[in-house]
Structures are given as C-alpha cells and as structure tokens.
Amino acid sequence: LCNYYVGGIAGYCTIPTTFTDCYNYSSLVSSGNYLGGIAGYTGATSTFKNCGNGYKDQKNVQSLSTINSSSTAYMAGIVGNVSGGPTIENCYNTMKITASNRSDAYIGGIIGYAYTSGTAKNLYNYGDITAENTSGVEMGGICSQSSLKFTNCHNEGYIKNRSTGIA
C-alpha cells in the first residue's frame, strides 16, 4: 500500500504539468488521500489530453481502491484532485473504482474533485464506482464535485453507494 499521493503516472504535481497520451494499465491500491489512474493530485494548471486508465476493451477488470483510513479520499480514473484551471480532454476510464472504510470520499469516474474553473470535454467512464462503509460520500460518473465546464461527457458505469452521502 502506498500513502497519501498515488498516481499511475504521477502522484503529486505542484507546477503546471501536461499529460498527453498517458495510459495506466495497472491496478492501484492506497490507504492515502489522493488516488488517480494518471495523477493523484495536481495543484497547478494542468492539462490531460488523450489519457486512459485501463484497457479500452476490458471494462471493470482492473481496479483503483482506497481502503482503511480516517482521512478524506479523492479518487478517480484520471485525476483524484485537480486545481488551478485544468484542461481535461479525450480521456477515458474502464477500471472499477472503490472506496472502503473511509471517513469521507469524493469519487469520480474521471475526476475525483475539481472545485476550480476549467474545461472538461469528450470524457468517458465505463468503470463501476462503489463506496462501502464510508461516510460523507460524493460520487459521480464523471466527477463528484466541480466548477468545470463539461462538454460531451458520458458515463456507462454503475454507481453504487453502500454508505451515507450523495450519488
């Protein structure tokens, strides 16, 4: 298990970062706070273009999981938590995303939490999203909570809230 910032490509970015044609095909498990298939946390203007989490033709085979922590989890197929006016385009997730035994969780198929302005377009989530034994859950097929402008985004994954919160 890894702690705090976990990403398939980068765990923590504080300077403007561009992710282009980046893919994660490995399952990730963390007891930390920030978990993303590509990046766990980006704290500056970041760009995600043509990125994917999981194999396009295999839905719900691999998984992102965060478990057993009293702290808040921010988790998603592409980026767990993003700030600073991001651009997120042409990205997909096919992995299952599960939060278990957490105090709070923001879970999205593509973006966990993005309380910032920016753009999100042509995003696709095919992975199932589940919260178990977690209080204060906010979850969404594309994003749990955001101020982004969304265009042409699609969710085909099941959203299962086996906890208390908003789905």
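# Close-up views of a predicted all-strand model

**Figure 1. Ser144 and the backbone of Gly112.** The side chain of Ser144 comes to 2.3 Å from the backbone oxygen of Gly112. The model shown in this and the following views is predicted. Ser144 belongs to strand β18, which covers residues 143-146. With a relative accessibility of 17%, Ser144 falls in the buried class, because that class takes residues under 20%. Leaving aside residues up to four places away in sequence, Ser144 is in contact with Tyr106, Ile107, Gly108, Ile111, Gly112, Tyr113, Glu138 and Met139. Gly112 is thus listed among the contacts of Ser144 and also supplies the backbone oxygen reached by the serine side chain.

**Figure 2. Cys143, the neighbour of Ser144 in strand β18.** Cys143 is part of strand β18, the strand of residues 143-146 that also holds Ser144. Its relative accessible area is 15%, so Cys143 is classed as buried. Beyond residues up to four places away in sequence, Cys143 touches Gly108, Ile111, Gly112, Ala114 and Phe150. Gly108, Ile111 and Gly112 also appear among the contacts of Ser144. A longer sequence separation is seen with Val79: Cys143 and Val79 are 64 residues apart in sequence, and their C-alpha atoms are 9.9 Å apart in space.

**Figure 3. Cys51 and Cys91, a cysteine pair without a bond.** How many disulfides does a search of the whole structure find? The search finds zero. Cys91 takes part in no disulfide, and the cysteine sulfur nearest to its own is that of Cys51, at 4.6 Å. Seen from Cys51, the closest cysteine sulfur is in Cys91, and the 4.6 Å between them is too far for a bond, because a disulfide requires sulfur atoms within 2.5 Å. Are these two cysteines buried or exposed? Cys51 is buried, at a relative accessible area of 0%, and Cys91 is buried as well, at 1%.

**Figure 4. Met75 in strand β10.** Met75 sits in strand β10, made up of residues 63-76. The relative accessible area of Met75 is 0%, so the residue counts as buried. Cys51, shown in the previous view, is 24 residues from Met75 along the chain, and the two C-alpha atoms are separated by 16 Å.

**Figure 5. Two loop residues with positive phi.** Asp21 is not a glycine, yet its phi is positive, about 55 degrees. Asp21 is located in the loop that joins β3 (17-20) to β4 (23-24), and at 46% relative accessibility it counts as partly exposed. Asn50, likewise a residue other than glycine, has a positive phi near 55 degrees. Its place is the loop between β8 (46-49) and β9 (52-53). The relative accessibility of Asn50 is 29%, which puts Asn50 in the partly exposed class.

**Figure 6. Lys160 in strand β20.** Strand β20, residues 159-162, contains Lys160. A relative accessible area of 30% makes Lys160 partly exposed. Apart from residues up to four places away in sequence, Lys160 touches Asp128, Ile129, Thr130, Ala131 and Met139. Met139 is also one of the contacts of Ser144. Lys160 and Thr98 lie 62 residues apart along the chain, with 9.4 Å between their C-alpha atoms.

**Figure 7. Ser103 in strand β13.** Ser103 is in strand β13, which runs over residues 96-108. Its relative accessibility of 22% places Ser103 in the partly exposed class, because buried residues must be under 20%. In sequence, Ser103 and Val137 are 34 residues apart; in space, their C-alpha atoms are 8.6 Å apart.

**Figure 8. The whole protein, for context.** The protein has 21 strands and zero helices. Its C-alpha trace spans about 35 × 30 × 25 Å along the principal axes. Of the 167 residues, 53% are buried. Among contacts with a separation of 6 or more, 81% are between residues 24 or more positions apart. The exposed surface is about 6800 Å², and carbon and sulfur atoms supply 45% of that area. There are 9 positive and 8 negative side chains, and the centres of these two sets are 3 Å apart.

Note on methods: Residues are numbered from 1 along each chain as its sequence is written. This is a predicted model: local features need pLDDT of at least 70, side-chain atom pairs count only at pLDDT 80 or more; totals for chains, interfaces and linings use all residues. Side-chain values use heavy atoms; hydrogens and water are left out. Helices (H or I, at least four residues) and strands (E, at least two) are DSSP runs, numbered from the N terminus. Buried means under 20% relative accessible area, exposed over 50%, partly exposed in between (1.4 Å probe, protein chains only). Contact means heavy atoms within 4.5 Å. Accessible areas come from the Shrake-Rupley method with a 1.4 Å probe; for residues, only the protein chains shown count as cover. Lys and Arg count as positive and Asp and Glu as negative; His and the chain ends are not counted. The place of a charge is taken as NZ of Lys, CZ of Arg, CG of Asp or CD of Glu. A polar contact is a pair of N or O atoms within 3.5 Å; within protein, one must be able to donate a hydrogen and the other to accept it, and residues adjacent in sequence count only if both atoms are side-chain atoms.
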